[in-house]
Amino acid sequence: MSDGTATTDLDVRLEKHRVELTGYCYRMLGSSFEAEDAVQDTMVRAWRSYDKFEGRSSMRSWLYRIATNVCLDMLNAGNRRARPMDLSGPSPLAQAALTPRPDNTWLEPVPDARVLPTVGDPAEAAVAKESVRLAFMAALQQLPPKQRAVLILREVLAWKASEVAELLGTTVASVNSALQRARATLAESESAEAAVSDPLDEEQQKLLERYVAAFEGYDMTALTALLHEDAIMTMPPFDLWLRGTGDITGFMTTLGASCAGSRLLPVAVNGLPGFAHYKPDPEEGGFSAWAIQALELSDGRITGFHCFLDTKRWFPLFGLPLHLEAESD
(Lines give C-alpha, C1' and ligand atoms only; values in the text may rest on other atoms or scores of the structure.)
Protein backbone atom coordinates (compact mmCIF):
# COMPACT_ATOMS: atom_id res chain seq x y z
CA MET A 1 0.00 0.00 0.00
CA SER A 2 2.03 2.92 -1.28
CA ASP A 3 -0.49 5.74 -1.08
CA GLY A 4 0.15 7.67 2.13
CA THR A 5 -3.48 8.71 2.57
CA ALA A 6 -4.70 5.13 2.22
CA THR A 7 -2.09 3.99 4.73
CA THR A 8 -3.19 6.63 7.23
CA ASP A 9 -6.83 5.72 6.62
CA LEU A 10 -6.12 2.04 7.33
CA ASP A 11 -4.20 2.94 10.50
CA VAL A 12 -7.19 4.97 11.72
CA ARG A 13 -9.64 2.17 10.91
CA LEU A 14 -7.48 -0.40 12.73
CA GLU A 15 -6.91 1.88 15.70
CA LYS A 16 -10.67 2.26 16.27
CA HIS A 17 -10.73 -1.38 17.39
CA ARG A 18 -7.70 -1.28 19.72
CA VAL A 19 -9.49 -0.95 23.08
CA GLU A 20 -12.06 -3.70 22.47
CA LEU A 21 -9.38 -6.01 21.02
CA THR A 22 -7.18 -5.35 24.07
CA GLY A 23 -10.14 -6.27 26.30
CA TYR A 24 -10.65 -9.50 24.34
CA CYS A 25 -6.96 -10.46 24.45
CA TYR A 26 -6.78 -9.57 28.15
CA ARG A 27 -9.68 -11.89 28.94
CA MET A 28 -8.01 -14.62 26.88
CA LEU A 29 -4.51 -14.22 28.35
CA GLY A 30 -5.00 -12.82 31.89
CA SER A 31 -2.07 -10.44 31.37
CA SER A 32 -2.30 -6.75 30.57
CA PHE A 33 1.16 -6.68 28.97
CA GLU A 34 0.65 -9.85 26.93
CA ALA A 35 -2.72 -8.48 25.78
CA GLU A 36 -1.06 -5.32 24.47
CA ASP A 37 1.59 -7.41 22.71
CA ALA A 38 -1.13 -9.61 21.18
CA VAL A 39 -3.05 -6.60 19.87
CA GLN A 40 0.11 -5.07 18.43
CA ASP A 41 0.84 -8.39 16.68
CA THR A 42 -2.77 -8.46 15.44
CA MET A 43 -2.46 -4.94 14.00
CA VAL A 44 0.82 -5.76 12.26
CA ARG A 45 -0.63 -8.97 10.76
CA ALA A 46 -3.75 -7.10 9.63
CA TRP A 47 -1.69 -4.34 8.05
CA ARG A 48 0.52 -6.83 6.21
CA SER A 49 -2.34 -8.97 4.94
CA TYR A 50 -4.85 -6.22 4.20
CA ASP A 51 -4.49 -6.80 0.46
CA LYS A 52 -5.90 -10.31 1.03
CA PHE A 53 -8.84 -9.01 3.08
CA GLU A 54 -11.60 -8.98 0.54
CA GLY A 55 -14.35 -7.58 2.72
CA ARG A 56 -16.26 -10.85 2.85
CA SER A 57 -16.64 -10.23 6.59
CA SER A 58 -16.53 -6.98 8.54
CA MET A 59 -13.13 -5.60 9.47
CA ARG A 60 -14.08 -6.14 13.13
CA SER A 61 -14.70 -9.88 12.75
CA TRP A 62 -11.56 -10.21 10.60
CA LEU A 63 -9.50 -8.56 13.35
CA TYR A 64 -11.05 -10.82 16.00
CA ARG A 65 -10.11 -13.86 13.91
CA ILE A 66 -6.49 -12.68 13.76
CA ALA A 67 -6.46 -11.79 17.48
CA THR A 68 -7.93 -15.18 18.41
CA ASN A 69 -5.21 -17.00 16.48
CA VAL A 70 -2.52 -14.84 18.10
CA CYS A 71 -3.91 -15.61 21.59
CA LEU A 72 -4.30 -19.33 20.92
CA ASP A 73 -0.67 -19.45 19.76
CA MET A 74 0.43 -17.63 22.93
CA LEU A 75 -1.64 -19.98 25.12
CA ASN A 76 -0.18 -23.15 23.60
CA ALA A 77 2.50 -23.06 26.27
CA GLY A 78 -0.29 -24.03 28.69
CA ASN A 79 0.36 -21.37 31.31
CA ARG A 80 -2.72 -20.46 33.37
CA ARG A 81 -2.53 -17.31 35.39
CA ALA A 82 -3.92 -17.36 38.91
CA ARG A 83 -4.62 -15.43 42.08
CA PRO A 84 -2.83 -16.43 45.31
CA MET A 85 -6.00 -18.13 46.63
CA ASP A 86 -6.15 -20.29 43.47
CA LEU A 87 -2.79 -21.84 44.38
CA SER A 88 -2.87 -22.53 48.12
CA GLY A 89 -4.81 -22.13 51.34
CA PRO A 90 -4.68 -18.98 53.50
CA SER A 91 -1.70 -18.51 55.79
CA PRO A 92 -2.25 -17.88 59.50
CA LEU A 93 -0.62 -14.59 60.45
CA ALA A 94 1.91 -16.37 62.67
CA GLN A 95 3.22 -18.24 59.59
CA ALA A 96 3.04 -15.33 57.15
CA ALA A 97 6.05 -15.38 54.81
CA LEU A 98 6.51 -13.19 51.74
CA THR A 99 7.58 -15.65 49.04
CA PRO A 100 7.47 -14.25 45.50
CA ARG A 101 6.56 -16.27 42.41
CA PRO A 102 7.48 -15.40 38.81
CA ASP A 103 5.44 -12.74 36.96
CA ASN A 104 3.85 -15.26 34.61
CA THR A 105 2.16 -16.98 37.60
CA TRP A 106 -0.20 -14.13 38.27
CA LEU A 107 -3.41 -12.77 36.91
CA GLU A 108 -2.50 -9.16 36.19
CA PRO A 109 -4.47 -5.98 36.90
CA VAL A 110 -5.50 -3.70 34.05
CA PRO A 111 -6.78 -0.10 33.89
CA ASP A 112 -10.43 0.00 32.80
CA ALA A 113 -9.64 2.58 30.11
CA ARG A 114 -7.37 0.14 28.25
CA VAL A 115 -9.92 -2.67 27.94
CA LEU A 116 -13.44 -1.21 28.25
CA PRO A 117 -14.55 0.66 25.14
CA THR A 118 -17.13 3.42 25.55
CA VAL A 119 -20.54 2.04 24.65
CA GLY A 120 -23.96 3.67 24.73
CA ASP A 121 -25.88 0.67 26.08
CA PRO A 122 -25.65 0.51 29.93
CA ALA A 123 -26.37 -3.24 29.96
CA GLU A 124 -23.55 -3.88 27.47
CA ALA A 125 -21.20 -1.70 29.52
CA ALA A 126 -22.11 -3.60 32.71
CA VAL A 127 -21.38 -6.99 31.07
CA ALA A 128 -18.04 -5.72 29.77
CA LYS A 129 -17.09 -4.47 33.23
CA GLU A 130 -18.18 -7.63 35.05
CA SER A 131 -16.19 -9.76 32.60
CA VAL A 132 -12.83 -8.19 33.53
CA ARG A 133 -13.34 -8.45 37.30
CA LEU A 134 -10.72 -10.53 39.05
CA ALA A 135 -13.02 -13.40 40.11
CA PHE A 136 -14.42 -13.84 36.58
CA MET A 137 -10.95 -13.56 35.05
CA ALA A 138 -9.65 -16.25 37.43
CA ALA A 139 -12.56 -18.52 36.47
CA LEU A 140 -11.82 -17.97 32.76
CA GLN A 141 -8.29 -19.19 33.36
CA GLN A 142 -9.71 -22.62 34.28
CA LEU A 143 -11.01 -23.09 30.73
CA PRO A 144 -9.04 -24.60 27.84
CA PRO A 145 -8.10 -21.85 25.34
CA LYS A 146 -10.76 -22.61 22.69
CA GLN A 147 -13.54 -22.87 25.27
CA ARG A 148 -12.33 -19.57 26.67
CA ALA A 149 -12.59 -17.95 23.24
CA VAL A 150 -16.08 -19.37 22.68
CA LEU A 151 -17.35 -18.21 26.07
CA ILE A 152 -15.97 -14.67 25.66
CA LEU A 153 -17.27 -14.29 22.10
CA ARG A 154 -20.72 -15.70 22.88
CA GLU A 155 -21.39 -14.51 26.46
CA VAL A 156 -19.40 -11.28 26.72
CA LEU A 157 -19.38 -9.97 23.16
CA ALA A 158 -22.79 -11.46 22.20
CA TRP A 159 -21.65 -13.00 18.91
CA LYS A 160 -23.99 -15.53 17.28
CA ALA A 161 -22.96 -19.20 17.34
CA SER A 162 -22.69 -19.14 13.54
CA GLU A 163 -20.31 -16.13 13.68
CA VAL A 164 -18.12 -17.85 16.28
CA ALA A 165 -18.11 -21.07 14.24
CA GLU A 166 -16.95 -19.14 11.17
CA LEU A 167 -14.27 -17.31 13.14
CA LEU A 168 -12.89 -20.54 14.65
CA GLY A 169 -13.30 -22.58 11.46
CA THR A 170 -15.62 -25.07 13.14
CA THR A 171 -19.32 -26.01 13.31
CA VAL A 172 -22.21 -24.42 15.21
CA ALA A 173 -22.70 -27.75 17.05
CA SER A 174 -19.05 -27.67 18.15
CA VAL A 175 -19.39 -24.06 19.35
CA ASN A 176 -22.56 -24.88 21.32
CA SER A 177 -20.88 -27.91 22.89
CA ALA A 178 -17.81 -25.86 23.89
CA LEU A 179 -20.03 -23.17 25.38
CA GLN A 180 -21.96 -25.74 27.41
CA ARG A 181 -18.75 -27.22 28.81
CA ALA A 182 -17.36 -23.76 29.58
CA ARG A 183 -20.53 -22.75 31.43
CA ALA A 184 -20.41 -25.98 33.46
CA THR A 185 -16.81 -25.29 34.50
CA LEU A 186 -17.63 -21.71 35.49
CA ALA A 187 -20.64 -22.90 37.49
CA GLU A 188 -18.29 -25.11 39.55
CA SER A 189 -15.99 -22.18 40.27
CA GLU A 190 -16.24 -21.11 43.90
CA SER A 191 -15.33 -17.50 43.17
CA ALA A 192 -17.92 -15.12 44.57
CA GLU A 193 -18.57 -12.21 42.26
CA ALA A 194 -18.08 -8.74 43.65
CA ALA A 195 -21.44 -6.97 43.82
CA VAL A 196 -20.27 -3.58 42.57
CA SER A 197 -22.84 -1.20 41.08
CA ASP A 198 -22.03 0.63 37.87
CA PRO A 199 -21.74 3.47 38.59
CA LEU A 200 -21.11 3.06 42.33
CA ASP A 201 -24.19 3.71 44.41
CA GLU A 202 -24.20 6.17 47.30
CA GLU A 203 -23.61 3.48 49.93
CA GLN A 204 -20.57 2.14 48.04
CA GLN A 205 -19.16 5.66 47.57
CA LYS A 206 -19.44 6.26 51.31
CA LEU A 207 -17.84 2.88 52.05
CA LEU A 208 -14.84 3.86 49.89
CA GLU A 209 -14.57 7.28 51.57
CA ARG A 210 -14.54 5.59 54.97
CA TYR A 211 -11.95 3.11 53.69
CA VAL A 212 -9.63 5.91 52.52
CA ALA A 213 -9.96 7.68 55.88
CA ALA A 214 -9.30 4.43 57.81
CA PHE A 215 -6.35 3.37 55.63
CA GLU A 216 -4.64 6.77 55.46
CA GLY A 217 -5.19 7.15 59.22
CA TYR A 218 -4.06 3.53 59.72
CA ASP A 219 -7.02 3.12 62.05
CA MET A 220 -7.41 -0.66 62.40
CA THR A 221 -10.63 -0.40 64.43
CA ALA A 222 -12.24 1.65 61.66
CA LEU A 223 -10.84 -0.66 58.99
CA THR A 224 -12.15 -3.77 60.77
CA ALA A 225 -15.65 -2.25 60.71
CA LEU A 226 -15.44 -1.96 56.89
CA LEU A 227 -14.09 -5.44 56.14
CA HIS A 228 -16.27 -8.51 55.83
CA GLU A 229 -15.33 -11.00 58.57
CA ASP A 230 -14.08 -13.41 55.86
CA ALA A 231 -12.41 -10.69 53.74
CA ILE A 232 -9.40 -11.78 51.70
CA MET A 233 -6.13 -9.89 51.23
CA THR A 234 -3.68 -10.81 48.47
CA MET A 235 -0.31 -9.31 47.52
CA PRO A 236 1.08 -10.61 44.20
CA PRO A 237 3.92 -11.32 43.39
CA PHE A 238 3.89 -12.91 46.88
CA ASP A 239 1.89 -16.12 47.16
CA LEU A 240 0.80 -15.28 50.73
CA TRP A 241 -2.88 -14.53 51.21
CA LEU A 242 -4.80 -13.80 54.37
CA ARG A 243 -8.41 -14.35 55.36
CA GLY A 244 -10.34 -12.55 58.12
CA THR A 245 -10.12 -9.16 59.74
CA GLY A 246 -7.81 -10.30 62.55
CA ASP A 247 -5.08 -11.63 60.28
CA ILE A 248 -5.39 -8.73 57.80
CA THR A 249 -5.13 -5.96 60.39
CA GLY A 250 -2.53 -7.98 62.29
CA PHE A 251 -0.40 -8.13 59.14
CA MET A 252 -0.84 -4.42 58.51
CA THR A 253 0.43 -3.53 61.98
CA THR A 254 3.43 -5.92 61.87
CA LEU A 255 4.97 -6.80 58.48
CA GLY A 256 3.02 -3.97 56.85
CA ALA A 257 3.63 -1.34 59.54
CA SER A 258 5.67 0.90 57.20
CA CYS A 259 2.40 1.67 55.33
CA ALA A 260 1.16 3.86 58.20
CA GLY A 261 0.69 7.42 56.95
CA SER A 262 0.14 6.36 53.33
CA ARG A 263 -1.76 8.22 50.59
CA LEU A 264 -4.40 6.67 48.30
CA LEU A 265 -5.35 7.99 44.85
CA PRO A 266 -8.46 6.52 43.15
CA VAL A 267 -8.02 4.34 40.04
CA ALA A 268 -10.44 2.26 37.95
CA VAL A 269 -9.02 -1.28 37.81
CA ASN A 270 -10.60 -4.48 36.44
CA GLY A 271 -14.09 -3.03 36.59
CA LEU A 272 -13.62 -2.49 40.35
CA PRO A 273 -12.96 0.52 42.55
CA GLY A 274 -9.28 0.76 43.35
CA PHE A 275 -6.49 2.96 44.60
CA ALA A 276 -2.88 3.71 43.85
CA HIS A 277 -1.19 3.26 47.21
CA TYR A 278 1.82 5.46 48.03
CA LYS A 279 3.64 4.92 51.31
CA PRO A 280 5.89 7.40 53.13
CA ASP A 281 9.43 7.57 51.73
CA PRO A 282 11.79 8.09 54.70
CA GLU A 283 14.83 8.66 52.45
CA GLU A 284 13.59 11.09 49.80
CA GLY A 285 10.57 12.50 51.63
CA GLY A 286 7.11 12.51 50.14
CA PHE A 287 5.58 9.20 49.13
CA SER A 288 6.75 6.25 47.01
CA ALA A 289 4.55 4.02 44.87
CA TRP A 290 3.75 0.81 46.73
CA ALA A 291 0.73 -1.00 45.25
CA ILE A 292 -2.28 -0.86 42.98
CA GLN A 293 -5.22 -1.91 45.15
CA ALA A 294 -8.39 -3.46 43.69
CA LEU A 295 -11.33 -3.71 46.12
CA GLU A 296 -14.20 -6.17 45.93
CA LEU A 297 -17.38 -4.98 47.66
CA SER A 298 -20.48 -6.90 48.65
CA ASP A 299 -23.40 -6.12 50.99
CA GLY A 300 -21.89 -2.91 52.31
CA ARG A 301 -18.52 -4.46 53.20
CA ILE A 302 -15.10 -4.94 51.57
CA THR A 303 -14.75 -8.64 50.77
CA GLY A 304 -11.52 -8.55 48.76
CA PHE A 305 -8.48 -6.34 49.15
CA HIS A 306 -5.99 -7.14 46.39
CA CYS A 307 -2.63 -5.36 46.32
CA PHE A 308 -0.44 -5.62 43.22
CA LEU A 309 3.03 -4.70 44.38
CA ASP A 310 5.20 -4.62 41.24
CA THR A 311 5.10 -0.84 41.09
CA LYS A 312 7.61 -0.35 38.24
CA ARG A 313 5.23 -2.30 35.97
CA TRP A 314 1.82 -1.18 37.24
CA PHE A 315 2.12 2.53 37.95
CA PRO A 316 3.30 3.51 34.43
CA LEU A 317 0.53 1.30 32.98
CA PHE A 318 -2.00 3.35 34.97
CA GLY A 319 -0.29 6.61 33.96
CA LEU A 320 0.82 7.29 37.53
CA PRO A 321 4.09 8.71 38.89
CA LEU A 322 6.35 6.55 41.04
CA HIS A 323 6.76 9.36 43.61
CA LEU A 324 4.48 11.98 45.18
CA GLU A 325 5.83 15.10 46.80
CA ALA A 326 4.75 15.81 50.35
CA GLU A 327 1.86 18.24 50.51
CA SER A 328 2.96 21.67 51.71
CA ASP A 329 0.90 23.21 54.49
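Visitor: How do the residues in the lining of the largest cavity divide into nonpolar, polar and charged?
Guide: There are eight nonpolar, no polar and four charged residues in that lining. The sorting goes by residue type (Ala, Val, Leu, Ile, Met, Phe, Trp, Tyr, Cys and Pro are nonpolar, Asp, Glu, Lys and Arg charged, and the others, Gly among them, polar). Asp 103, Glu 108, Asp 310 and Arg 313 belong to the lining, and their types put them in the charged class. Among the other lining residues are Trp 106, Leu 107 and Pro 109, whose types are nonpolar.
This is a predicted model, in which local features need pLDDT of at least 70 and side-chain atom pairs pLDDT 80 or more, while totals for chains, interfaces and linings use all residues. Residues are numbered from 1 along each chain as its sequence is written, and side-chain values use heavy atoms, with hydrogens and water left out.

Visitor: What makes this space a cavity?
Guide: On a 1 Å grid over the protein atoms alone, a 1.4 Å probe fits at its points but cannot get out, and lining residues have an atom within 4 Å of a point. The whole structure has two cavities of 30 Å³ or more. The largest holds about 90 Å³ and the second largest about 70 Å³; such a volume is the space filled by probe spheres set on points joined across faces, edges and corners.

Visitor: Which residues line the second largest cavity?
Guide: Among them are Met 85, Trp 106, Leu 134, Thr 234, His 306 and Phe 308. By class, this lining has eight nonpolar, two polar and one charged residues.

Visitor: Why do Arg 101 and Asp 239 form a salt bridge?
Guide: Their closest N and O atoms are 3.2 Å apart, and the rule asks for a side-chain nitrogen of Lys or Arg within 4 Å of a carboxyl oxygen of Asp or Glu, so the pair passes. The bridge links distant parts of the chain, 138 residues apart: Arg 101 is in the loop between α5 (84-87) and α6 (112-115), and Asp 239 is in strand β2 (residues 238-243). Helices (H or I, at least four residues) and strands (E, at least two) are DSSP runs, numbered from the N terminus. In total, 14 salt bridges are found.

Visitor: Why does Asp 239 count as buried?
Guide: Buried means under 20% relative accessible area (exposed is over 50%, partly exposed in between, with a 1.4 Å probe and protein chains only). Asp 239 has 18%, so it counts as buried. Its partner Arg 101 has 33% and is therefore partly exposed.

Visitor: Which salt bridge does Arg 313 from the cavity lining form?
Guide: Arg 313 meets Asp 310 at 4.0 Å, N to O. Both residues also belong to a network of salt bridges with Glu 34, Arg 81, Asp 103 and Glu 108.

Visitor: Why is the pair of Tyr 211 and Phe 215 called tilted?
Guide: Rings of Phe, Tyr and Trp (its six-membered ring) pair if their centres lie within 6.5 Å; planes under 30 degrees apart are stacked, over 60 edge-to-face, the rest tilted. Here the centres are 5.7 Å apart and the planes at 45°, so the pair is tilted. Both residues lie in helix α12 (residues 202-216), four residues apart, about one turn of the helix.

Visitor: What makes the pair of Phe 215 and Phe 305 edge-to-face?
Guide: Their planes are at 65°, with centres 6.3 Å apart, so edge-to-face is the right name. Phe 305 is in strand β6 (residues 301-308), 90 residues from Phe 215, and both are buried. Together with Tyr 211, Tyr 218 and Phe 275, they form one aromatic cluster.

Conventions. 1 Å grid on protein atoms, 1.4 Å probe; cavity = no way out; pocket = protein on both sides within 12 Å on 5 of 7 lines; lining within 4 Å.
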